[in-house]
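Here are my notes on the model you sent, set out as numbered points. Please read them with the sequence and the coordinates side by side.

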Amino acid sequence: MNENVHQRLNLAGDAVQRDDDGKVWLVGSKCSACGKITFPPTEVCPECMSEKILPFKLSSHGTLYSWSLVHAAPKGWDLPFIAAYVDLSEEVRVFAHIVDADPSTLKMDMVVEACVASLGKDEAGDPFESYAFTPVKLGES
Ligand SMILES: [Zn+2]
């Protein structure tokens with residue numbers, strides 16, 4: 001993994017991976033004892049309290065469960081933004097921003113894919129990035 005890319009993912013750290021083509025995955029954790037998958041990654045299984053946890057690469061695509069247009073946030077965040085819950089096929093519900101989308105076009109269960117987006121600026125005025133999801137555009141796989 002490209003070191004520069006890694007450093008720019010300062011909000012999500014190891015919870016995001018991106019390959020050379022720009023494809024993005026979230027990395028959760030999977031319990032070796034009961035199989036429960038969680039995101040963000042945890043050190044203790046919320047299901048069975050096991051500490052035998054391994055990193056687990058999640059699907060890059062999910063479906064939109066619910067969302068809200070947010071107009072007020074701590075200083076630095078780009079406003080307004082769309083906050084959403086996205087369901088992944090591993091039965092994991094991820095809280096994330098939806099980017100590059102017109103809120104009026106969002107629909108429940110629409111397919112979205114993971115990406116990395118600039119979500120605001122830090123105190124020094126530098127943009128910060130984190131994982132987000134964006135609607136899958138027609139004609140793209
Ligand atoms: Zn467990």
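1. In these notes, two residues count as being in contact if their C-beta atoms, placed from the backbone, lie within 7 Å. Residues are numbered from 1 along each chain as its sequence is written. The model is predicted, and local features need pLDDT of at least 70, side-chain atom pairs count only at pLDDT 80 or more, while totals for chains, interfaces and linings use all residues.

2. The protein averages a pLDDT (the predictor's confidence in each residue, from 0 to 100) of 88, and 89% of the residues score at least 70. Over residues 1-10, however, the pLDDT is below 50, and this stretch has 9 contacts in the model beyond near neighbours in sequence. Where pLDDT is low, the predicted coordinates should not be read in detail.

3. Five strands (DSSP runs of E, at least two residues, numbered from the N terminus) form a closed barrel in the order β5-β6-β7-β9-β8, with mixed pairing; two strands pair if DSSP finds at least two bridges between them.

4. Within this barrel, strand β5 (residues 61-70) and strand β6 (residues 81-88) run antiparallel and are joined by 8 bridges, and the bridge partner of V70 in β6 is F81.

5. L88, which lies in strand β6, is buried because 20 other C-beta atoms lie within 10 Å, the cut-off for buried being 20 or more such atoms, with C-beta atoms placed from the backbone. Leaving aside neighbours within four places in sequence, L88 is in contact with L58, S59, G62 and V94. The C-alpha atoms of L88 and T63 are separated by 6.6 Å, although these residues are 25 apart along the chain.

Note on methods:
Helix = DSSP H or I, 4+ residues; strand = E, 2+ residues; numbered from the N terminus. Buried ≥ 20, exposed ≤ 12 C-beta atoms within 10 Å, placed from the backbone.
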